[in-house]
Amino acid sequence: MFERFTRSARDVVKGAVVHCERAGHDSVEEGHLLLSLLDREGSRASFVLAALGAKGRRDSIAAALEEVRRRGGMSRADVDALAGLGIDLGEVVSRVEQAHGAGALSDARPRRGLLGVARSGHRPFTPEAKDVLVRALRIVTGERGRQLGDEHLLLALTLGRGAIADVLADHGVTEGSVRRVLQGGGGEAMAG
């Protein structure tokens with residue numbers, strides 16, 4: 001599959017691994033892919049993200065991603081479903097963190113090996129992150145393309161169901177807006 005990736009798409013994947021390692025997480029997640037896309041310069045995805053105003057809102061996106069991790073990766077639909085049952089997820093998260101420490105649901109604390117040193121090395125991709133790569137490949141094959149670029153990874157993130165797609169949509173990055181910019185329709189920068 002990776003032989004179809006452009007250099008830019010490969011760099012996004014490598015950058016996601018770096019974000020994962022910096023955070024001390026065990027696995028590369030969708031959020032790491034998104035942060036890596038936001039780091040890019042001079043690529044199709046970076047152009048789209050800039051045109052949609054998302055590059056200027058990186059801090060807001062990063063904070064939203066951290067909040068998603070804090071609540072255990074639950075999407076807006078999950079939160080709404082729980083609320084419909086009378087369960088306040090914010091209260092649940094607060095109580096769990098009081099009992100087990102900050103980030104207990106996200107398991108965001110750095111992993112330590114022997115002698116208390118942070119582990120380094122191979123980081124596997126979560127099933128959700130792998131799904132992004134597969135969706136991106138399907139987008140390319142659906143377009144009868146040969147190369148998978150970073151713009152396809154961005155599109156694949158918008159097509160996902162869950163919290164990362166919610167974060168993107170909240171920041172004006174949807175499948176429709178990405179396709180409009182890619183097709184030359186321009187973007188409308190979101191107010192910060």
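Trainee: What relative accessible area does Asp11 have in this structure?

Mentor: This is a predicted model, in which local features need pLDDT of at least 70 and side-chain atom pairs count only at pLDDT 80 or more, while totals for chains, interfaces and linings use all residues. Residues are numbered from 1 along each chain as its sequence is written, and side-chain values use heavy atoms, with hydrogens and water left out. Asp11 falls into the partly exposed class (buried is under 20% relative accessible area, exposed over 50%, partly exposed in between, with a 1.4 Å probe and protein chains only), because its relative accessible area is 26%.

Trainee: Which residue forms a salt bridge with Asp11, with the closest N and O atoms 3.8 Å apart?

Mentor: A salt bridge here is a side-chain nitrogen of Lys or Arg within 4 Å of a carboxyl oxygen of Asp or Glu. Asp11 lies in helix H1 (residues 7-23), whereas its partner lies in the loop between helix H2 (30-39) and helix H3 (44-51), so the pair ties together parts that are 29 residues apart in sequence; helices are DSSP runs of H or I with at least four residues, numbered from the N terminus. The partner counts as buried, because its relative accessibility is 18%, and the residue that forms the salt bridge with Asp11 is Arg40.

Trainee: How many residues apart in sequence are the parts that Arg135 and Glu30 tie together?

Mentor: Arg135 and Glu30 form a salt bridge whose closest N and O atoms are 4.0 Å apart. Glu30, with a relative accessible area of 17%, is buried. Because Arg135 belongs to helix H7 and Glu30 to helix H2, the separation in sequence of the parts that this pair ties together is 105 residues.

Trainee: Does Glu41 count as buried or exposed?

Mentor: The side chain of Glu41 meets that of Lys55 in a salt bridge, with 3.6 Å from N to O. Lys55 sits in the loop between H3 and helix H4 (58-70) and Glu41 in the loop between H2 and H3, so this pair ties together parts that are 14 residues apart in sequence. Because the relative accessibility of Glu41 is 61%, this residue counts as exposed.

Trainee: Which residues are joined into one network by salt bridges that share partners?

Mentor: The structure holds nine salt bridges, including the one between Lys55 and Glu41 just described. Where salt bridges share partners, they join three residues into one network, namely Glu143, Glu175 and Arg179.

Terms used
Helices (H or I, at least four residues) and strands (E, at least two) are DSSP runs, numbered from the N terminus.
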